[in-house]
Amino acid sequence: MSSIDTGLDQLDWADIGSQLDAEGYAVLPGLLGVAMARSLAQQAAASTGRRVTLESSGLGSGELFYFGPGMPAPLEQWRAALYRRLVVVANRWQEVMGAELRYPPELEDFLESNRIASQTGPLSHLSRLGVEDHISLHQRNQGVQVFPLQIVAVLSEPGVDFQGGEFVMTEQRPRMQSRPLVVPIRLGDIAVIATAERPFKGAKGYYRVNLKHAVSRIRKGERIGLELSFHHAP
């Protein structure tokens, strides 16, 4: 068993699932650790693939660096290990929302089904935001096979390396105004968030609520962020 698996097995996954059910996100404090977060920032910067400006994609301002097949090994290991734990929540959400698709227990098998469905475009990426940059509200739900959860982290220290740059989410329930959420991520933390939808139990049963996420304007310094998706885009 790897050290990543050992650390993850010490977490209360029932409680994490309950947080995801209630809020659409769960912060796992200190799971990466400061040293690992800094190391991943350096490795990611050296291993990133396709560069996209947020301006060109209409998603704000700053830079995204999409990982190709050369994703740093620690990130690939984290992604696979987290998938194995989160697939339980994902399949439970599918069941209560009446969806037919069920996710296999291993990430490798799910990505193979993505390939068969012609979803081969990596979505996991590093973001680099400087002063006045931001990421607009968006979702990573391209394709017919979308995993309902994803991972976000900040690889620089809020209040020290940058100011501003809060990770925010909005949740839209039917016939209600959007609910704003600020996810308190610190250097060394990981947050699990809903990719685009989650079930909400109302008086007449479960229904879907829509979620988007963003990063607020950077007021000072530079913010390095990370998003790991468990599915690929068409």
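Which element gives the most to the lining of the largest cavity? The answer is strand β15, with four residues. Let's keep that strand in mind as we walk through this chain, which is a predicted model, and start with the overall picture before going inside.

The secondary structure of the chain comes to six helices and 15 strands. If you look along the principal axes, the C-alpha trace spans about 50 × 45 × 35 Å. How does the radius of gyration fit with this picture? A compact globule of 234 residues would have a value near 17 Å, and the chain has 17 Å, so the two agree. Of those 234 residues, 50% count as buried. The accessible surface of the chain is about 10,900 Å², and carbon and sulfur atoms account for 52% of that surface. Contacts also tell you how the chain is folded back on itself: among those between residues at least 6 apart in sequence, 78% join residues at least 24 apart.

Now let's go inside. A search of the whole structure finds two cavities of 30 Å³ or more. The largest cavity has a volume of about 60 Å³. Its lining is made up of S127, I135, V152, A153, V154, F167, I185, V215, R223, G225, L226 and E227. Two elements give two or more residues to this lining: β7, which covers 149-154, and β15, which covers 223-228. Sorted by class, the lining of the largest cavity has eight nonpolar, two polar and two charged residues.

The second largest cavity has a volume of about 40 Å³. You can find it by selecting L32, L40, L75, W78, I151, A153, I190, L226 and L228, the residues that line it. Here β7 and β15 turn up again, and together with helix α5 (73-96) each supplies at least two residues of the lining. What classes of residue make up this second lining? There are nine nonpolar residues, with no polar and no charged ones. For comparison, the lining of the largest cavity includes two charged residues. It is worth highlighting A153 and L226 on your screen, since they appear in the lining of the largest cavity and also in that of the second largest.

Besides the cavities there are pockets to look at. The largest pocket has a volume of about 230 Å³. It is lined by 15 residues, and Q94, Y103, V146, E197 and R208 are the closest to its centre. By class, the pocket lining divides into nine nonpolar, four polar and two charged residues.

Let's return to β15 and pick out one of its residues, I224. Is I224 buried or exposed? With a relative accessible area of 14%, I224 is buried, because buried means under 20%. Leaving out residues up to four places away in sequence, I224 touches L126, S127, R128, V154, L155 and S156. Among these partners, S127 and V154 also belong to the lining of the largest cavity. For a sense of distance across the model, try I224 and V96: these residues are 128 apart along the chain, and their C-alpha atoms are separated by 36 Å.

The loops deserve a visit too. R186 sits in the loop between β10 (179-183) and β11 (190-194). R186 counts as exposed, because its relative accessibility of 52% is over the 50% cut-off. Neighbours within four places in sequence aside, R186 is in contact with P29, V154 and P158. V154 is therefore a residue to click on, as it touches I224, contacts R186 and helps line the largest cavity. The C-alpha atoms of R186 and E166, 20 residues apart along the chain, are separated by 10.0 Å.

Two other loop residues stand out for their backbone angles. S118 has a positive phi of about 65° although it is not a glycine. This serine lies in the loop between α6 (107-116) and β5 (125-129), and at 51% relative accessibility S118 counts as exposed. E132, likewise a residue other than glycine, has a positive phi near 75°. You will find E132 in the loop between β5 and β6 (134-138), where its 46% relative accessibility makes it count as partly exposed.

Conventions. Residues are numbered from 1 along each chain as its sequence is written. This is a predicted model: local features need pLDDT of at least 70, side-chain atom pairs count only at pLDDT 80 or more; totals for chains, interfaces and linings use all residues. Side-chain values use heavy atoms; hydrogens and water are left out. On a 1 Å grid over the protein atoms alone, a cavity is a set of points where a 1.4 Å probe fits but cannot get out, and a pocket is an open set with protein on both sides within 12 Å along at least five of seven lines; lining residues have an atom within 4 Å of a point. Grid points are joined across faces, edges and corners, and a volume is the space filled by probe spheres set on the points. Ala, Val, Leu, Ile, Met, Phe, Trp, Tyr, Cys and Pro count as nonpolar, Asp, Glu, Lys and Arg as charged, and the others, Gly among them, as polar. The radius of gyration is taken over C-alpha atoms; the globule rule is 2.2 Å times the number of residues to the power 0.38. Buried means under 20% relative accessible area, exposed over 50%, partly exposed in between (1.4 Å probe, protein chains only). Contact means heavy atoms within 4.5 Å. Accessible areas come from the Shrake-Rupley method with a 1.4 Å probe; for residues, only the protein chains shown count as cover.
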